[in-house]
Amino acid sequence: MIDLYSWTTPNGRKVSIMLEECGLEYTSHSINITQDEQFEPSFLKISPNNRIPAIFDHDTGVSMMESGAILMYLAEKTGKFIPTDANNRWAAIEWLMWQMGGLGPMAGQTHHFLKFNRDVSEYAQNRYKNETARLYGVLEKRLADRDYIAEEYSIADMAAWPWVSRYEWQEIDLNKFPAIKEWYVKIAQRPAVQTGYHVPAFTQDIPMP
Ligand SMILES: N[C@@H](CCC(=O)N[C@@H](CS)C(=O)NCC(=O)O)C(=O)O
């Protein structure tokens, strides 16, 4: 049994989607980051960086923050969604790191400056919007000649997909990124994604281009 501490954001959804894909038994706990619940001392014990997502695995006693580390942990625990072929395995890890260090943080800032605080800084608005679009260009090239980021569906896709699902907030026209669009729609149709997207709560249907 795993306890998942999460909220309805891309980083949270990565982990709920992985738990659903693996068929692991878990209990989801809402940490409402709009009401500062991430700063509660009880949550800090599990997530010292006071951010969601975090897990506690009752089978092993492991508690863990950081969505990328959690995806790797669950992949190792189950032997699922990480390629066994060495080249593809490293590609999955490489692109997971690309998401953690690039797409996630940049798109996250784009949400702040384009959606939540529009017109406070033209510089920040342009910088993050352009950088996010550049990163979509990188992903588009990667997907142009393969079905999934690391050839087979893996934690690399599960990490990037929830960020792409906010393409409207990022003012990205997915029609300009046909390989990403095809990949996005294909993954959106997976039953585990359709369930995991709505953990810990339903907010809206999965956006479809
Ligand atoms: N690198 C972390 C980032 C986690 C993160 O930024 N989570 C956001 C929600 S997506 C959060 O908890 N924000 C709370 C806050 O800003 O105080 C991860 O991938 O787990």
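Colleague: In which sense do strand 1 and strand 3 pair?

Modeller: In this predicted model, strand 3 covers residues 54-57 and is joined to strand 1 over four bridges. Within this pairing, Asp3 stands opposite Phe56 in strand 3. The sense in which strand 1 and strand 3 pair is antiparallel.

Colleague: Which residue in the turn of the hairpin formed by strand 3 and strand 4 has a positive phi?

Modeller: Strand 4, residues 62-65, pairs with strand 3 in the antiparallel sense over four bridges, and Asp57 stands opposite Val62 in strand 4. The hairpin leaves four residues between the two strands. The turn residue with a positive phi, of about 80°, is Gly61.

Colleague: Which residue of strand 2 is the bridge partner of Leu4?

Modeller: Strand 1, residues 2-6, is mostly covered, since four of its five residues are buried. Five bridges join strand 1 to strand 2, residues 26-30, and these two strands run parallel. In strand 2, the bridge partner of Leu4 is Ser28.

Colleague: What is the handedness of the β-α-β crossover from strand 1 to strand 2?

Modeller: The chain leaves strand 1, passes through helix 1 and then enters strand 2. This β-α-β crossover is right-handed.

Colleague: Why can helix 1 be called largely enclosed by the rest of the structure?

Modeller: A residue counts as buried here if 20 or more other C-beta atoms lie within 10 Å of its own. Among the buried residues of helix 1 are Asn11, Arg13, Lys14, Ile17 and Glu20. Helix 1 is largely enclosed because the number of its 13 residues that are buried is 12.

Colleague: How far apart are the end C-alpha atoms of helix 4?

Modeller: Helix 4 runs over residues 86-116, and at 1.5 Å a residue its 31 residues should span 45 Å. There is also a kink of about 40° in helix 4, centred on Gln99, and Gln99 is one of the buried residues of this helix, which also include Trp95, Leu103 and Phe113. The separation of the end C-alpha atoms, which agrees with the expected span, is 42 Å.

Colleague: Which two helices each supply at least two residues of the shell around the ligand?

Modeller: The residues surrounding the ligand include Thr9, Pro10, Asn11, Arg51, Glu66, Ser67, Gly68 and Met100. By class, this shell has five nonpolar, five polar and two charged residues. The helices that each supply at least two of its residues are helix 1 (10-22) and helix 3 (67-78).

Colleague: Which residue does a cis peptide bond join to Ile52?

Modeller: Ile52 is itself among the residues surrounding the ligand, and omega of the cis bond that follows Ile52 is about 5°. The partner's place is in the loop between helix 2 (41-44) and strand 3. The residue joined to Ile52 by the cis bond is Pro53.

Colleague: Is Asn50, whose phi is positive, buried, exposed or partly exposed?

Modeller: Asn50 is found in the loop between helix 2 and strand 3, and its phi is near 40°, a positive value in a residue other than glycine. The number of other C-beta atoms within 10 Å of Asn50 is 16, so this residue counts as partly exposed.

Colleague: Is Asp119 buried or exposed?

Modeller: Asp119 is found in the loop between helix 4 and helix 5 (122-143), and its phi is also positive, near 70°. Because Asp119 has 8 C-beta neighbours inside 10 Å, this residue counts as exposed.

Technical notes: Residues numbered from 1 in each chain as written. Predicted model: local features only at pLDDT ≥ 70, side-chain atom pairs only at ≥ 80, totals over all residues. Near = placed C-beta within 6 Å. Nonpolar A, V, L, I, M, F, W, Y, C, P; charged D, E, K, R; others polar. Pairing = 2+ DSSP bridges. Right-handed = clockwise from strand over helix to strand, strands pointing away. Expected span 1.5 Å × (residues − 1). Bend = angle between axes of the 7 residues up to and from the residue.
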